[in-house]
Amino acid sequence: MMMTVQAWWKAGVCAAVAGLTGLGAVALAQEPYRLPPQEIVDIVDAQPTPWTSLSPARDTLLLMHREALPPVAELARPMERLAGLRLDATLNGRHGPRSVVGLSLVDLESGEERAVDLPGDVGISNTSWSPDGSQIAFVMTRNDALSLWVVDVRQARARQLVGSGINAIFSPFEWMPDGERLLVSLVDPDRGPMPERPRVPSGPVTQEASGYEAPVRTYQDLLTDEHDAALFAWLSASQLALVNTTGRTRIREVGDPGLYFSADPAPGGDYILIGEMEQPFSYQVPWYSFPDRVFVVDTDGDEVATIARQPLADNVPIGGVVTGRRSVTWQASHAARLIWAEALDGGDPRVETDQRDSAWALAAPFDGEPVEILRTEDRYYGTQFTTQAQLGFAMEYDRDTRVIRRWLVDFADPSVEPRLAEERNYQDSYANPGNALSVRNEFGRSVVGVHDGYMYMAGEGATPEGDRPFLNRVDFETFETTEIWRNSGENFEEIIGLTAPDAASFLTSWEDPVTPPNVRWHRAGQDTVQITQFANPHPQLNEISRELITYEREDGVPLSATLYLPAGYEEGDTLPVLVWGYPLEYNDASTAGQVSGSPYQFTRVAGTSPRFLVTQGYALLENATMPIVGDDPETVNDTFIHQLVLSAEAARDVTVEMGFGDGERLAIAGHSYGAFMTAHLLAASDVFRAGIARSGAYNRTLTPFGFQSERRTFWAAPETYFELSPFMHADQINEPMLMIHGQMDNNSGTFPMQSERMFAAVKGNAGTARLVMLPYESHGYRGRESILHVLAESIDWLDRWVKPEVDPMGGGEDGGAMTE
């Protein structure tokens with residue numbers, strides 16, 4: 001009897017599936033979301049503590065109240081993936097779930113908290129203090145629309161300024177220096193309807209190489225055709241306007257619409273510096289590499305001068321910069337003066353030269369000759385100005401030695417010799433002098449505060465025993481430093497900001513292992529006052545123990561990790577252990593071995609943190625250092641795998657020496673480059689029983705123009721790219737590996753195909769693996785259902801392959817390839 005085509009096809013598929021089942025290699029179809037144990041669900045759903053922000057007037061604290069995780073349905077809103085951005089066309093802004101849902105104000109003197117009355121079910125973003133701290137502007141998301149609001153701080157009252165038409169593709173607004181007006185980006189009122197994708201294209205999409213080097217990283221979400229370009233232009237086109245924030249609201253348009261990606265008022269308020277993209281766009285690079293023009297207009301919108309023009313930046317050397325004028329900004333200590341940098345090495349870091357960059361200035365009316373302010377031996381990375389005349393700290397960075405230098409420069413008189421204020425390897429945390437605390441100057445700009453000849457520096461205070469934040473007074477003339485406060489005791493406390501210019505009073509954030517960060521007010525001669533009273537959102541974790549440990553690997557490089565042990569752990573018990581790490585490159589062992597973090601910080605557990613595993617009976621070595629040490633940055637990766645294995649063996653050994661591990665029941669896990677590390681360790685060693693790799697990259701030939709700190713291209717070092725690709729060693733991965741990846745990962749190099757092909761490689765070589773692709777998730781995971789599912793998958797994986805006393809891979813029914 002003749003079979004129908006449908007019956008023949010169905011029979012063939014069933015036979016194929018049956019055959020695959022016999023081989024133990026059937027892949028699962030889409031599954032429903034899963035939940036971890038209820039105790040973890042309760043922690044994930046706990047209300048997070050608010051974010052805080054100190055007023056420029058230093059008398060009021062803003063609390064930004066947050067909600068728990070958004071549902072995946074919010075991530076599933078329609079998205080336009082254009083020019084390296086993810087956009088919500090309905091809102092004419094960035095795509096993504098809300099976070100802040102409410103505001104309140106705390107008066108420091110009285111301690112009174114006043115809630116700001118707002119409509120229900122809103123999202124709040126772009127929160128910004130006015131220069132004098134009397135107002136707070138923000139964008140509200142409600143009912144698929146963006147609106148602009150302002151809060152009167154004295155009255156704790158909010159009112160709407162612009163009800164619709166806000167363009168939030170880039171910055172939606174900036175405060176004018178007078179603190180009474182906002183420079184707002186509105187959608188182009190004459191842009192017409194949104195472009196529709198034609199059913200039939202007008203022709204093929206073509207690209208052409210023209211004989212010059214154009215190395216491009218593996219960017220995602222780029223433009224793909226003329227419709228994408230038209231839609232991006234439609235969404236990006238802005239009309240600038242000045243909006244009054246006090247008295248009767250008035251909206252005055254400034255100039256004509258354009259493809260503006262920045263609009264910054266001059267410190268004196270008479271001009272606006274505008275950055276504008278120019279067409280045609282590129283399909284090879286993100287928006288910030290498109291051709292652009294930087295120009296100045298007055299507050300009526302009349303163009304005053306073009307300052308810089310850049311062509312398409314598709315031929316910038318890896319790690320290099322564009323030629324010509326770049327990073328054009330206002331000088332914060334001048335009413336209307338522009339500064340910028342220019343490369344002296346053609347923008348190419350490979351060029352040997354004594355001077356790599358120069359910095360220039362040009363004052364209004366911008367028709368004179370620019371003044372060269374300084375030249376730097378290494379790459380110039382901007383200037384932080386001060387309250388002292390036109391003095392500012394200019395920073396340069398050497399990418400080979402990782403040395404940073406800060407120079408005190410007189411921008412009013414370039415003939416004055418710059419003075420060296422700081423020089424160190426930026427990875428040398430023990431020598432970090434901290435960050436200069438800022439104030440608002442007469443123009444409302446944030447600058448380094450100098451009071452009675454002193455400035456104040458606050459930092460993490462890294463030490464071999466962990467971080468001990470500090471506040472130092474620094475002589476502005478000699479840079480001599482005096483410590484005036486340092487964290488001590490079994491708590492972690494760090495500086496938020498000064499409330500008196502001479503540091504006689506200041507705010508800190510105080511926490512301990514069972515108390516979340518709360519704001520405290522220190523005042524000379526008075527008792528310290530706790531300003532906020534945020535409760536522990538997950539007190540059920542209070543009994544988890546935490547300890548900063550140090551150890552050493554075989555080649556003498558010092559290592560460290562934070563050890564977490566479950567509640568009720570008794571000394572002498574052996575536990576299954578999860579090691580969570582992320583490799584970093586260093587020039588020398590002394591900086592590689594420096595300790596960071598503190599054992600006295602609050603035990604935060606949020607998102608997909610590995611700390612959740614401690615609730616399930618696992619010991620955790622979190623942030624187990626995996627340094628890759630080499631004095632030659634060009635070849636440091638040549639020993640990458642060997643050094644990883646040494647660090648992994650040292651982590652295993654310390655668990656045995658300390659008595660909480662048995663040296664057998666260990667798992668390795670990490671995210672992004674940590675996932676890359678995980679796959680390598682499973683392939684190159686037998687230290688671990690299993691691994692969890694999240695959002696990783698595994699085939700380095702798919703990132704041929706460099707990755708992480710690797711500077712050589714694939715064609716310059718093909719052997720290194722091959723060796724450093726776990727994909728090429730998939731046949732050596734003989735321990736179970738769980739791979740998790742967001743289906744919409746937009747991180748450079750970690751596109752979802754990396755995990756899909758890695759899974760296929762392990763599976764094809766009879767390995768044991770599981771691949772979980774999360775709908776609507778990017779490089780990190782944000783949806784409630786996704787986060788709970790990741791935790792459930794991780795717990796199940798480790799319970800199956802790591803927790804048992806006898807290794808399941810040693811034989812029996814659980815050995816070999818997965819049959820699920």
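## A walk through the model

Start by selecting strands E12 and E13: in the hairpin they form, 5 residues lie between the strands, and glycine 179 takes a positive phi near 70°. What you have open is a predicted model, and we will come back to its confidence values at the end of the tour.

**Around strand E13**

Keep E12 (residues 173-175) on screen with E13; the two pair in the antiparallel sense over 3 bridges. Highlight phenylalanine 173 and look across to E13, where valine 184 is its bridge partner. Now add strand E14 (residues 238-244), which runs antiparallel to E13 and is joined to E13 by 7 bridges. Here leucine 183 has leucine 242 of E14 as its bridge partner. Is E13 mostly covered or mostly uncovered? Colour residues 181-187 by accessibility: 6 of the 7 residues in this strand are buried, so-called mostly covered.

**A sheet of four strands**

Next, select strands E24, E25, E26 and E27. They make an open sheet of 4 strands in the order E24-E25-E26-E27, with antiparallel pairing. Which strands stand at the edges? Those are E24 (379-385) and E27 (419-425); each has a single partner strand, so one side of each is left without a neighbour in the sheet. From one strand to the next, the twist averages 20°.

Zoom in on the middle of the order. E25 (residues 391-398) and E26 (residues 403-410) are paired over 8 bridges in the antiparallel sense. Pick out methionine 395 and you will find arginine 406 of E26 standing opposite. As background, strands of a sheet pair through backbone hydrogen bonds, either parallel or antiparallel.

**Aromatic pairs**

Now show the aromatic rings; the count comes to 26 aromatic pairs. Try tryptophan 330 and phenylalanine 366, a tilted pair at 6.0 Å centre to centre with 55° between the planes. This pair links distant parts of the chain, 36 residues apart: tryptophan 330 is in strand E20 (residues 325-330), while phenylalanine 366 is in the loop between strand E22 (357-363) and strand E23 (371-376). Both tryptophan 330 and phenylalanine 366 are buried.

For another pair, select phenylalanine 705 and tryptophan 715. Their ring centres are 5.3 Å apart and their planes are at 50°, so this pair is tilted. Both rings sit in the loop between strand E44 (690-694) and helix H8 (718-723), 10 residues apart. Phenylalanine 705 is partly exposed, with a relative accessible area of 24%, and tryptophan 715 counts as exposed at 55% relative accessibility. Ring pairs also link these two into a cluster, whose members include Tyr582, Phe640, Tyr673 and Tyr721.

**The nonpolar cores**

The largest nonpolar core has 54 residues; Tyr551, Val579, Leu621, Phe688, Met737 and Met758 touch the most other members. Centre the view on methionine 758. Leaving aside neighbours within four places in sequence, its contacts include Ala679, Tyr698, Pro726, Phe727 and Met739. Apart from this core lies another, of 33 residues, among them Val44, Tyr564, Leu620 and Val790.

**Colour by confidence**

Finally, colour the chain by pLDDT. The average is 93, and 95% of the residues score at least 70. Where does the pLDDT fall below 50? One such stretch is residues 1-26, which has 13 contacts in the model beyond near neighbours in sequence. Residues 812-820 are also below 50, and this stretch has 27 such contacts.

Key. Residues are numbered from 1 along each chain as its sequence is written. This is a predicted model: local features need pLDDT of at least 70, side-chain atom pairs count only at pLDDT 80 or more; totals for chains, interfaces and linings use all residues. Side-chain values use heavy atoms; hydrogens and water are left out. Two strands pair if DSSP finds at least two bridges between them. Axes are lines fitted to C-alpha atoms, for helices over the stretch in contact, and angles run from 0 to 180 degrees between N-to-C directions. A nonpolar core is a set of buried Ala, Val, Leu, Ile, Met, Phe, Trp, Tyr and Cys residues joined through side-chain atoms within 4.5 Å. Buried means under 20% relative accessible area, exposed over 50%, partly exposed in between (1.4 Å probe, protein chains only). Contact means heavy atoms within 4.5 Å. pLDDT is the predictor's confidence in each residue, from 0 to 100. Rings of Phe, Tyr and Trp (its six-membered ring) pair if their centres lie within 6.5 Å; planes under 30 degrees apart count as stacked, over 60 as edge-to-face and the rest as tilted.
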